[in-house]
Amino acid sequence: MRSITITTDTSCGSTRVSNRFIDEYMKDANDAQIKIYLYLLRAAGTNLPAGISDIADIFNHTEHDVLRALKYWDKQGVLSLQYDENKKIVGICIVDLDASKAPASKVSAPKAVAASTPVPNVTFVSPFPVVEETPEVPAVPKKKAVSTEQLQSFQQDAETPELLFVTESYLRRPLSREEMESLYFMKEDLHMSTDLIDYLVQFCVGQGIKDFHYMEKCAMDWTERHIATPKEAASYVKKYNKNCYTIMDRLGKKGSPAPVEYDYIQKWLDEYGFSLEIILQACDKSVKNTDSHRLEYADRILENWHKAGVSTLDDAKAESSKAPKSTGKTGSNAFTQYKQNKYDYDALLEQIKVN
């Protein structure tokens, strides 16, 4: 992913932060949002790396975390994201908060503003070269049936014998035909290098996971994220595993997450787009209200928050304090005997047990 160049006409010896930002905006923002905004101010007019992936690496966040922070500040009117006709981010304008309380105007395409053209009341972040969000690529192919001839041809490839050997070494047993078909799928359909497949198998086995269906899901996820080398995979795994272990620890679980636990966490982080602190808030609620089924309990809470449009920690806290809608029924069952200022977590737990 290419970088953006941030420019300013002020001295680079110090970074000026508006008092209005501190007084009005900082208190409601999370750590990641504050860090990224301050970094953008610092990077203006310097040669510091300013691509989305660069910022993610610097703060050990995911690219999704960086994009969420940028969109949060855009919504608050602290900066203005510029999009092209394909809705890709092509530039950023940092609003001069002391000059005006009006939000920065949107620019639909990078050619509408030149890097040397002064923009009133904003620090201009040049849209050249273009910085895109996740590039659009064809959908990741699904696994298909593999014929005997295709499998034999795969086994005769110059790189395959070594791949089979190291995989069997990790597993400490011979591979079944179905498992060889999984390797075929990764190499021939997903076009992963043998080095990357080697790293994926090594990583999964190292986590105590020897299920090739799970490895296929990992391979498809890495393909969607354009991970092409073991180094890129290691960087992604480091960030993702850090979040996973933090979440599992908060739920009182030790050791490596099982595949089903990884699936829950991936849904919370990627599908729902929740920050780590929001997930930990749900985990704390789960631990407080039950000693068992904590993962499923937290999943119910986060599912409700996702449906309610929760996007910040304050949103989560506000949603937790809401009383559920009355069903109009009375009785002594657990569903009706709840405090009116929070969710009926006992009822949710009963639903989990039934399911």
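A cavity is a set of grid points where a 1.4 Å probe fits but cannot get out, and its lining residues have an atom within 4 Å of a point. The model examined here is predicted. A search of the whole structure finds 2 cavities of 30 Å³ or more. The largest has a volume of about 80 Å³. Helix H4 (63-76), helix H10 and helix H11 each give two or more residues to its lining. H4 gives the most, with 3 residues. The full lining consists of Thr62, His64, Asp65, Arg68, Tyr240, Asn243, Leu269, Asp270 and Phe274. By type, these residues divide into 3 nonpolar, 3 polar and 3 charged.

Helix H10 covers residues 230-250 and includes Asn241. Asn241 has 10% relative accessibility. Buried means under 20%, so Asn241 counts as buried. Leaving aside neighbours within four places in sequence, Asn241 is in contact with Phe203, Gln207 and Tyr262. Pro257 lies 16 residues from Asn241 in sequence, and the two C-alpha atoms are 9.3 Å apart in space.

Phe203, one of these contacts of Asn241, is among the buried residues of helix H8. H8 runs over residues 194-206, 13 residues in total. From first C-alpha to last, H8 reaches 18 Å, close to the 18 Å expected at 1.5 Å a residue. The other buried residues of H8 are Thr194, Leu196, Ile197, Leu200, Val201, Cys204 and Val205. The buried residues of H8 pack against five helices: H6 (160-171), H7 (177-189), H9 (212-224), H10 and H11 (259-271). Gly208 follows H8 and has a positive phi, near 80°.

Aromatic rings were examined next. A search of the whole structure finds 9 aromatic pairs. In one of them, the rings of Tyr72 and Trp73 have centres 5.0 Å apart and planes at 70°, so the pair is edge-to-face. Both partners are buried: Tyr72 has 12% relative accessibility, and Trp73 has 0%. A tilted pair is formed by Tyr264 and Trp268, with 6.2 Å centre to centre and 35° between the planes. Tyr264 and Trp268 both lie in helix H11, 4 residues apart, about one turn of the helix. An α-helix has 3.6 residues a turn, so residues three or four places apart point the same way. Trp268 counts as buried, because its relative accessibility is 0%. Ring pairs also link Phe21, Tyr37, Tyr72 and Trp73 into a cluster.

Terms used
Residues numbered from 1 in each chain as written. Predicted model: local features only at pLDDT ≥ 70, side-chain atom pairs only at ≥ 80, totals over all residues. Heavy atoms only, no water. Buried < 20%, exposed > 50% of the residue type's maximum accessible area, 1.4 Å probe, protein only. Contact = heavy atoms within 4.5 Å. Expected span 1.5 Å × (residues − 1). 1 Å grid on protein atoms, 1.4 Å probe; cavity = no way out; pocket = protein on both sides within 12 Å on 5 of 7 lines; lining within 4 Å. Points joined across faces, edges and corners; volume = space filled by probe spheres on them. Nonpolar A, V, L, I, M, F, W, Y, C, P; charged D, E, K, R; others polar. Phe/Tyr/Trp six-rings, centres within 6.5 Å; stacked < 30°, edge-to-face > 60°.
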